[in-house]
Number of protein chains: 2
Amino acid sequence: MRNLTLNVDLKGRDYPIIIGADLLGSAHLVKPYLGSGRAVIVTNEAVAALYLERFEANLREAGIDAFSISLPDGERYKTWETLNSIFDAMLAQRCDRATTVIALGGGVVGDMAGFAAATYQRGVSYIQVPTTLLAQVDSSVGGKTAINHPLGKNMIGAFYQPRLVLSDLSTLSTLPRRELSAGLAEVVKYGAIMDAEFFAWLEENMQKLMARDLDALGYAVERSCKCKADVVADDEREAGRRAILNFGHTFGHAIEAGLGFGNWLHGEAVSAGMVLAASMSARQGEISDSDVARLARVLKQAGLPVQAPSLGAQRYLDLMGYDKKVQDGKLRLVLLRSIGDAYLTADFSAAGLEQVLTDIPDDG
Amino acid sequence: MRNLTLNVDLKGRDYPIIIGADLLGSAHLVKPYLGSGRAVIVTNEAVAALYLERFEANLREAGIDAFSISLPDGERYKTWETLNSIFDAMLAQRCDRATTVIALGGGVVGDMAGFAAATYQRGVSYIQVPTTLLAQVDSSVGGKTAINHPLGKNMIGAFYQPRLVLSDLSTLSTLPRRELSAGLAEVVKYGAIMDAEFFAWLEENMQKLMARDLDALGYAVERSCKCKADVVADDEREAGRRAILNFGHTFGHAIEAGLGFGNWLHGEAVSAGMVLAASMSARQGEISDSDVARLARVLKQAGLPVQAPSLGAQRYLDLMGYDKKVQDGKLRLVLLRSIGDAYLTADFSAAGLEQVLTDIPDDG
């Protein structure tokens with residue numbers, strides 16, 4: 001396939017996303033975005049085993065002065081301690097402000113490498129090389145970086161834009177099936193919240209995506225990034241419209257927290273969360289029951305859970321109260337006006353919400 | 001005295017600096033800058049003992065929902081652990097994104113509170129209430145926030161602008177004499193690097209400043225902030241002209257590091273460092289020996305050391321090599337073309353620099 005290039009247009013700080021096959025072997029694509037300084041590849045042990053040697057060698061062949069830092073693998077290492085190990089290595093290597101941090105990996109690596117780039121000597125250049133579908137369609141646009149705090153996920157972080165995103169679709173060939181599905185949850189989300197035509201395309205092409213057809217993946221990644229870029233350009237600091245990207249996430253976070261983080265993947269929780277949000281929208285009289293069924297059907301085809309776990313309605317409400325979207329003590333939800341049109345509101349029936357949560361059947 | 005208001009004009013994110021007497025009792029000045037959320041006052045134990053109760057009570061009387069966090073006092077606490085204690089308290093109090101962080105204290109408090117505001121939930125509003133002269137003339141403009149790392153000062157941080165700076169000159173009445181002098185080092189710096197007229201005013205009025213005359217202090221704080229704002233507006237991310245603000249600082253950092261951080265105050269090291277930088281400028285044929293003497297004289301009147309400690313030339317050079325201004329392995333210095341006109345250059349005589357450092361007399 002030919003490379004696709006999408007320009008994310010944020011005032012004064014636009015950057016390209018290049019989507020294609022075998023991009024890890026294309027150091028010439030990276031080189032124009034490096035300054036005169038060194039490149040630090042931040043990755044994790046699992047990704048390193050698959051791709052680091054080749055990527056690093058390729059950069060060096062292109063005359064780039066690169067070294068690498070390999071983090072332990074997993075969300076539970078998204079901590080200050082791990083972040084600090086990046087700083088330790090960069091300081092030991094005497095990295096100056098002309099250094100570029102390159103994140104090679106999924107969302108956890110990207111979040112930490114990005115936050116390290118945002119804060120090392122008050123900010124150095126940053127390039128993302130996402131190797132999971134979730135990172136390619138979610139983390140590549142929006143500039144969110146963060147670490148976790150014992151009292152909450154992503155509580156400490158920064159908005160920080162990369163200079164370049166290189167989405168190598170070939171890396172998706174080694175992605176576990178469950179993680180492919182988790183990425184597709186976010187892809188379906190873009191269709192549901194803002195792009196009815198894309199949603200219909202996904203209903204037609206979900207099998208190709210599950211079979212990792214490169215052209216289908218390329219199209220889905222590009223269109224997802226376009227959707228997200230469109231929202232983020234409107235609202236970089238998450239004051240308003242950007243909130244629709246959290247469709248399914250308030251419920252999803254409650255599911256993740258209620259089951260204990262790490263039991264369900266984020267995308268799995270968002271999938272079941274989107275079905276709850278859609279049910280709530282139907283109860284508000286906005287969408288039809290058949291729209292809810294369409295959403296559940298395409299998520300199922302993507303191998304995702306569409307049935308939320310039975311935590312009890314009160315427990316859900318408590319867990320949703322911790323969400324960052326709470327403002328002035330009032331819970332806000334992202335609901336659907338139709339497939340392809342979402343909005344943020346605090347104006348919904350509290351009794352209706354409780355009923356939707358009560359209606360969740362026992363896991364049995 | 002009447003309050004002075006200076007607008008710092010950074011594209012899209014301008015904010016006012018209000019300078020006056022007894023501003024801690026003027027919560028109405030703060031109120032318009034708070035959102036609907038809570039106010040978290042971050043301070044330290046020493047400042048808390050003097051000013052917290054009154055300030056907090058005053059905010060509460062004005063209907064502001066405020067609570068406070070008191071940090072241990074001193075640069076050695078400018079660490080991740082202390083920063084994290086701010087996050088712990090904010091999370092325990094369930095602070096959301098509508099929260100405003102108010103820094104009440106000197107530079108260390110401001111650096112940490114500012115970095116906490118920059119990164120708590122990826123950024124909340126920030127107000128500075130600097131209670132030292134150094135913080136009033138240096139930290140109130142430029143948006144620099146940071147913590148230290150065992151391998152270097154201010155290595156981890158962010159550029160983050162406050163919504164408002166409230167410089168209460170009355171708080172300078174309790175400032176230890178040595179810290180007043182340290183603040184004056186930066187005041188003299190502004191004159192030396194970019195404002196010959198202000199430099200001449202300082203030569204005339206240093207005694208009034210040392211006597212803490214409110215009108216003289218107000219004028220010096222306002223003019224210093226204007227100078228810094230002028231440079232920062234040109235160059236927010238420190239790519240070029242902003243570097244002149246580091247006049248004396250490359251030498252100063254070497255002095256601080258060589259003596260062990262905390263032995264000399266930062267402003268004291270900068271004072272002796274500026275004299276070294278001026279001597280280097282004279283050696284380059286840029287300024288006259290009498291200009292060097294003028295600078296040393298006004299610094300002496302401000303109660304500052306003008307004689308650098310004898311660490312040995314090689315030790316100085318090593319320590320200067322660690323500086324963030326090193327680019328591509330090449331040391332850059334801020335030198336003077338004349339009193340009131342500084343520039344950054346890598347084009348200087350290395351032998352000349354070594355000679356200036358060798359000429360430092362033994363401490364005896």
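Let's start at the end of a helix: in chain B, α9 is followed by Gly260(B), a residue with a positive phi, near 90°. Keep in mind that this is a predicted model, so every value here is computed from predicted atoms.

**Helix α9 and its cover**

Helix α9 of chain B runs over residues 249-259, and its buried residues are His249(B), Thr250(B), Phe251(B), Gly252(B), Ala254(B), Ile255(B) and Glu256(B). What lies over them? Parts of chain B that cover these buried residues include the strands β8 (152-159) and β10 (333-338). The helices α6 (177-194), α10 (266-283), α12 (313-321) and α13 (350-358) are also among the cover.

**Positive phi without glycine**

Gly260(B) is a glycine, but a positive phi turns up elsewhere too. Most residues other than glycine have a negative phi. Against that background, have a look at Asn154(A), which is not a glycine and still has a positive phi of about 55°. Asn154(A) sits in strand β8 of chain A, residues 152-159. Is Asn154(A) buried or exposed? Its relative accessibility is 16%, so Asn154(A) counts as buried, the cut-off being under 20%.

Over in chain B, Gln121(B) is another non-glycine residue with a positive phi, this one about 50°. You'll find Gln121(B) in the loop that links α4 (107-119) to β6 (125-130). With a relative accessible area of 5%, Gln121(B) is buried.

**A few residues side by side**

Here is how some individual residues compare on cover, with the place of each one alongside.

| Residue | Place | Relative accessibility | Class |
|---|---|---|---|
| Lys144(B) | strand β7 (residues 144-149) | 27% | partly exposed |
| Pro72(B) | loop between β4 (66-71) and α3 (80-92) | 28% | partly exposed |
| Asp291(A) | helix α11 (residues 289-301) | 17% | buried |
| Thr171(A) | loop between β9 (164-168) and α6 (177-194) | 2% | buried |

Now for some distances. Lys144(B) is ten residues away from Asn154(B) in sequence, and their C-alpha atoms are 9.3 Å apart in space. For Pro72(B) and Ser85(B), 13 residues apart along the chain, the C-alpha separation is 11 Å. Pro72(B) also has contacts outside its sequence neighbours within four places: Asn44(B), Glu45(B), Tyr77(B) and Thr82(B).

Chain A gives two further pairs. Thr171(A) and Gly20(A) are 151 residues apart along the chain, yet their C-alpha atoms are separated by 10 Å. Asp291(A) and Ala220(A) are 71 residues apart along the chain, with 21 Å between their C-alpha atoms. Which residues does Thr171(A) touch, not counting those up to four places away in sequence? They are Leu24(A), Tyr51(A), Pro130(A), Thr131(A) and Gln136(A).

**Stepping back to chain A**

Time to zoom out. Chain A contains 13 helices and eleven strands. Its radius of gyration is 20 Å, close to the 21 Å that the globule rule gives for 364 residues, so chain A is as compact as a globular protein of that length. Measure along the principal axes and the C-alpha trace covers about 60 × 40 × 40 Å.

How much of chain A is buried? Of its 364 residues, 60% are buried. Sequence-distant contacts are plentiful as a share: take the contacts between residues at least 6 apart in sequence, and 74% of them join residues at least 24 apart.

On the outside, chain A has an accessible surface of about 13,700 Å², and carbon and sulfur atoms account for 47% of that. As for charge, there are 36 positive and 44 negative side chains in chain A, and the centres of the two sets are 4 Å apart.

**How the two chains pair up**

Finally, put chains A and B together. Rotate chain A by 180°, with 0.0 Å of shift along the axis, and it superposes on chain B with an RMSD of 0.0 Å. The two copies are therefore related as by a two-fold rotation axis. Through which surface do the copies meet? Of the interface residues of chain A, 100% are also interface residues in chain B, so the copies meet through the same surface.

Methods:
Residues are numbered from 1 along each chain as its sequence is written. Chains are lettered from A and ligands numbered from 1 in the order in which they are written. This is a predicted model: local features need pLDDT of at least 70, side-chain atom pairs count only at pLDDT 80 or more; totals for chains, interfaces and linings use all residues. Side-chain values use heavy atoms; hydrogens and water are left out. Helices (H or I, at least four residues) and strands (E, at least two) are DSSP runs, numbered from the N terminus. The radius of gyration is taken over C-alpha atoms; the globule rule is 2.2 Å times the number of residues to the power 0.38. Buried means under 20% relative accessible area, exposed over 50%, partly exposed in between (1.4 Å probe, protein chains only). Contact means heavy atoms within 4.5 Å. Accessible areas come from the Shrake-Rupley method with a 1.4 Å probe; for residues, only the protein chains shown count as cover. Lys and Arg count as positive and Asp and Glu as negative; His and the chain ends are not counted. The place of a charge is taken as NZ of Lys, CZ of Arg, CG of Asp or CD of Glu. Copies are superposed by least squares on the C-alpha atoms of residues with pLDDT of at least 70 in both.
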